[in-house]
Amino acid sequence: METVEALLRQQEVLRAVIESISSELHLRPLLTRIVRHACELIGADNGTIGLVDERRDLVRTEAIWCMPGSELGAEMPRGVGLAGRVLECGEPLVLAHYGEIGSLTQPALAANAVIGIPIWWREKLIGFFGIGTDATRQSRQFNQHDVETLTLFARHAAIAIENARLYAAAETALEEMELLYATSTRIGTALTTRELVAAYLNLVTTGGRFACTVTRYQRDEGETRQVEILGRWTPAGGLDLTTHHYPYQRDAMEEALDRGETIAIPDVHTDPRVPESLRQIQAESGRPALALIPLRIAGAERLGHVILSHSQVHPWDPAELHPFEITAQQLASALDSRLQQERLASQSQKVAIFEERQRIARDLHDSVTQLLFTMTLIAQTATAAWKRDPEEGERRVGRLVELSQAALAEMRTLLAELRPPAPQPTGRELLETQGLIVALTAHFHATADENTQVILEAQRYRPALFAVEHALYRIAQEAVANARKHAQVQQIIVTLATQRGQGTKLTIRDKGKGFDTTLPPVPRTDGSGMGLSTMRERATKLGGTLKLTTQPGSGTLVEVRIP
């Protein structure tokens, strides 16, 4: 009777634990539940659960219960340890003492009784759990009933594991779609290569711990291939869009990169494929781990790389590299498009130069050449005319002087057209090519007056996306113009700072007369008075905020924060 009751209790426990594991969709907590419930089912003391890595032909411990922490992550090749033995034979394995295996991952538990159970899914071995009892409980030995109970439980565990894997795959696919959509949206709106690289780096490095560099190949005037660094992001320094050039050297990794393969190097100092020049660069930067992801378009040569690096020796996990790999194709396409645009612009420039030369040739022919031809005819007849009639000869020489002066004036006019004044770049052009600090400095210099000094403080600022820098540029323009116009101040201080984890902060401070914000705005008929609302709209459009602090007699402070 007691045996029947015990079986019924065990069946009830089995039903409860099956419901428990069926409700968990995330793999790691699910595995912990499985191994805990397996111990509870047969009254064991500790256990582990591992999953099979088919490619490497081993079992890796993924979760433990009442086991030393060193067991987590242990890898057992076929035939090694309890897991390796089960992987080899594919059958349950019961041992009176764990030490009978011979190759132990936990020697301190050698006296424990153990049982190893394979986890099968559709005729494929996908995992294993190993259950043990404390050596002090010598009376507790595993039997055939324990094997049958755990084998039945393993069938349900396999279903739960596969469901969790499917759920994880669906989540991964969704994350990939979101990342690809975000990447496409951000880099699709980038107008320049600089803006494109900034958009990509700010997206893929969010919350990252690796330095990320984007490079492309260029050819100098002598058609020599060079590596151009377009931009980089580091956990300590953030975004840096300063460009650098290095000579191109073909090495042992090039063939794999040409095929579109990612090269993951845990330590550049021990990998024989790494050339000495690259080792030296990584040694100087203090980043020995390196991963090279080729930027490549099907049917075309490699454009460049996305390069990841780490401050310590680091065995790269494919999951870490995956987001960078799936977005590299989009970045390559966008870079190629910008490269084609640059080539088209260069070709258009050559056409414009050719057309300008033709115009100058026509002008020379129609003006100067005709004058010179006439001067030649007069000069050829001047001597003979002088002999016949000195007055006629003098008249012809005078005409020759007039024509030479006219030709000289025409030449000066054409030369002036060839030397037009250098055009001043617009604020947007400076933003695109040299960044926010240079653009603001140029603007404040161009609009300077003797009554008000504008001081720009930007020592703690790091370059941001073009959209952010453009908004900050326009807000700073408007705020400084308002202070000059209304505040009656001698000094305005503009401060830019990048706050880690909080984005960018812009402040414009003056000690002018201020104003009462509680009063309604004075209606204007001259089109002015829209500055504050426009500034706030620019900030909120980027998810930021604008705060105005002022009162009569105490100056004005404008604070803008962009995440």
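Start with helices α10 and α12, which are oblique to each other: angles under 35 degrees count as roughly parallel, over 145 as roughly antiparallel, 65 to 115 as roughly perpendicular, and the rest as oblique. Before you click further, note that this is a predicted model, where local features need pLDDT of at least 70 and side-chain atom pairs count only at pLDDT 80 or more, while totals for chains, interfaces and linings use all residues. Numbering runs from 1 along each chain as its sequence is written, and side-chain values use heavy atoms, with hydrogens and water left out.

**Stop 1: α10 against α12**

Select 427-434 for α10, then add α12 at 466-487. Helices here are DSSP runs of H or I with at least four residues, strands are E runs of at least two, and both are numbered from the N terminus. The two axes come within 11 Å and cross at roughly 140 degrees; axes are lines fitted to C-alpha atoms, for helices over the stretch in contact, with angles running from 0 to 180 degrees between N-to-C directions. The crossing is right-handed, as the near helix is turned clockwise from the far one by less than a right angle (anticlockwise would be left-handed).

Now show side chains. On the α10 side, pick Gly427, Arg428, Leu431 and Glu432; they meet Phe466, Glu469, His470 and Tyr473 of α12, where contact means heavy atoms within 4.5 Å. Colour by class and you get three nonpolar, two polar and three charged residues. For that colouring, Ala, Val, Leu, Ile, Met, Phe, Trp, Tyr, Cys and Pro are nonpolar, Asp, Glu, Lys and Arg are charged, and the others, Gly among them, are polar.

**Stop 2: bring in α11**

Add 436-446, which is α11. Its axis and that of α10 come within 7 Å, crossing at roughly 150 degrees, so α10 and α11 are roughly antiparallel. This crossing is right-handed too. Gly427, Leu430, Leu431 and Gln434 of α10 meet Leu436, Val438, Ala439 and Ala442 of α11. By class, that contact has six nonpolar residues, two polar ones and no charged ones.

What about α11 and α12? Their axes are 10 Å apart and the packing angle is about 25 degrees, which makes the two roughly parallel. Again, α11 passes α12 in a right-handed crossing. Select Leu436, Ala439, Leu440, His443 and Phe444 on α11, with Glu469, Leu472, Tyr473, Ala476, Gln477, Val480 and Arg484 on α12, to see the contact. It divides into eight nonpolar, two polar and two charged residues.

**Stop 3: the largest nonpolar core**

A nonpolar core is a set of buried Ala, Val, Leu, Ile, Met, Phe, Trp, Tyr and Cys residues joined through side-chain atoms within 4.5 Å. Buried means under 20% relative accessible area, exposed over 50%, and partly exposed in between, with a 1.4 Å probe and protein chains only. Which residues touch the most other members of the largest core? Select Tyr200, Val214, Leu295, Val306, Leu308, Leu506 and Val560, out of 65 in that core. Helix α12 gives the most to it, with 10 residues.

Zoom in on Leu506. Skipping neighbours within four places in sequence, Leu506 is in contact with Leu472, Ile475, Ala476, Val494, Thr495, Leu496, Val558, Glu559 and Val560. There is also a second, separate core of 30 residues, including Leu30, Val35, Ala160 and Ile161.

**Stop 4: α3 and Gly127**

Jump to α3, residues 81-89, where Gly81, Leu82, Ala83, Gly84, Val86 and Leu87 are buried. Show the strands they pack against: β1 (46-53), β2 (58-65), β3 (75-77), β4 (93-95), β5 (113-121) and β6 (124-133). Right after α3 comes Gly90, with a positive phi near 70 degrees.

In strand β6, pick Gly127. Gly127 is buried, at 1% relative accessible area. Leaving out residues up to four places away in sequence, Gly127 touches Gly50, Leu51, Val52, Ile117, Pro118 and Ile119. Try a distance label to Ala83: C-alpha to C-alpha it is 8.8 Å, for 44 residues of sequence separation.

**Stop 5: His314**

His314 sits in the loop between β13 (304-310) and α8 (318-388). Is His314 buried or exposed? Buried, with a relative accessible area of 10%. Beyond four places in sequence, its contacts are Arg209, Phe210, Pro266, Ala289 and Glu320.

**Zoom out**

Show the whole chain: 13 helices and 18 strands. Of its 563 residues, 40% count as buried. Among contacts with a separation of 6 or more, 58% are between residues 24 or more positions apart.
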